[in-house]
Amino acid sequence: MGVQPGPNHEGFRFCRDGFFFDVDGLPLVLIGRVEFLHFWNCLDSCFSSPLGRKLIYAATDAEERILASNERYKLGRFFGQKRVRNVLRQRALNMGWGVFGDQQITAPVHDALSVGFALAHEEHVRQLRFDMEWKQPSQDLILIDYAQKQGNLSAAPNPIPFEWMASGKNDAGEASLELDLDLREHRFFSGDEQSFFLHVSVLKHLFSALVGRDSVVHSCMKDAIVDDDVQHAEVARVVAHASLEAFNRSEDAIYVQNAKDWYGHLMNKFTGRGLGVVQVLQSILNGDNHSVFHINSPVGPLVAGTLIGMWQRAHGMRASVRLSQTENALVLQLSEPTVDYA
């Protein structure tokens, strides 16, 4: 392909406030491949009809809006198609999405996500709309057939502005975190897990598609109190549930003996991956009746679900959950469930 992953993700900013930005100044998060697969499978299982197409469209629409609004991806009047295609292939590698070819993806990080991004790239370069069929003969290869659609290349829709998806400040003067990304051929690893960067806008489009859909939740989030001030509370509930279930499938060890011990876990799990900052406001380890966490994150409910799983693993008990909203942040209250002997 003639392109390799950027060794240091030059131009990316990994800010100490827990918000990450790509070379275009757009917010993104660092997610493990297996972690996302577990999250997605749990989320998909909450609905009676499959969500696979929703994820493809979320990736396509988010990527299309990014490409259409940035000069780096602009096509020349007569030439430039080859240049832009090469730039987009390099972009896919640097983001960890896979190796994009003309009608195939090698080493896709996730089938639906990678296919959605590839469709956006093809439509942008050729300035046409396409129907797409794809098959995956192996884990490391996706074959795609594009068929031109009639009609103009209209703009992708705007996602719903969720109040609990906080925005950070891309401040060039702020000290940045040093990420330890291990580059291996066409992939990169964070710790021991293959990982990738995902634009927050993809999740905005995905969450928008969930508004108004009936869901089934079986974890402690089923009985969680979600205050009325939480915008689109059922979306927040189902996203937190899927994130909780994804964490429960991990083997992450969480040891805390006092409230200060949470700092390292919160830094590694959230701040160091662009998922914002979590503050410990109260802790049962300090004698409080509840543990209370303030979540300032671009994907608040996802962080909340993971945090519930971390708390339950640390304390060895099921949590009684209350989720509320303050401005563009979430407040998570966790405690040992009360026993009703009546």
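User: Leaving aside neighbours within four places in sequence, which residues is N248 in contact with?
Analyst: G309 and R313. Contact means heavy atoms within 4.5 Å. The model is predicted; local features need pLDDT of at least 70, side-chain atom pairs count only at pLDDT 80 or more, and totals for chains, interfaces and linings use all residues. Residues are numbered from 1 along each chain as its sequence is written, and side-chain values use heavy atoms, with hydrogens and water left out.

User: Where is N248 placed?
Analyst: In helix α6. Helices are DSSP runs of H or I with at least four residues, strands are runs of E with at least two, and both are numbered from the N terminus.

User: Is N248 buried, partly exposed or exposed?
Analyst: Partly exposed, because its relative accessibility is 35%. The cut-offs: buried is under 20% relative accessible area, exposed is over 50%, partly exposed is in between, with a 1.4 Å probe and protein chains only.

User: How far is N248 from Q127?
Analyst: C-alpha to C-alpha, 43 Å in space; in sequence they are 121 residues apart.

User: What about the rest of α6, how many of its residues are buried?
Analyst: 12 of the 16, so α6 is largely enclosed by the rest of the structure. Among the buried ones are R237, H241 and F247.

User: What do those pack against?
Analyst: The buried residues of α6 pack against α1 (33–45), α5 (200–210), β11 (225–226), α7 (262–269) and α8 (300–315).

User: What is the span of α6 from end to end?
Analyst: The end C-alpha atoms of α6 (residues 233–248) are 22 Å apart, which agrees with the 22 Å expected at 1.5 Å a residue. The expected span is 1.5 Å times one less than the number of residues.

User: Switching to pockets. What volume does the largest pocket have?
Analyst: About 930 Å³. On a 1 Å grid over the protein atoms alone, a pocket is an open set of points with protein on both sides within 12 Å along at least five of seven lines; a cavity is a set where a 1.4 Å probe fits but cannot get out; lining residues have an atom within 4 Å of a point. Points are joined across faces, edges and corners, and the volume is the space filled by probe spheres set on them.

User: Which lining residues are closest to the pocket's centre?
Analyst: E35, E193, D252, K269 and R273, out of 37 that line the largest pocket.

User: Which element gives the most to that lining?
Analyst: α1, with five residues. Elements that each supply at least two include α6, α7 and α8.

User: How does the pocket lining split by class?
Analyst: 16 nonpolar, 11 polar and 10 charged. Ala, Val, Leu, Ile, Met, Phe, Trp, Tyr, Cys and Pro count as nonpolar, Asp, Glu, Lys and Arg as charged, and the others, Gly among them, as polar.

User: How many cavities of 30 Å³ or more are there?
Analyst: One. The largest cavity holds about 110 Å³. Of its 14 lining residues, R85, F100, G101, H121 and E122 lie nearest the centre. α4 gives the most to this lining, with four residues.

User: F100, what is its bridge partner in β5?
Analyst: I105. β4 and β5 (residues 104–106) pair in the antiparallel sense over two bridges. Pairing requires at least two bridges found by DSSP.

User: What is the strand order in that sheet?
Analyst: β4-β5-β7-β6, an open, antiparallel sheet of four strands. Its edge strands are β4 (99–100) and β6 (130–138).
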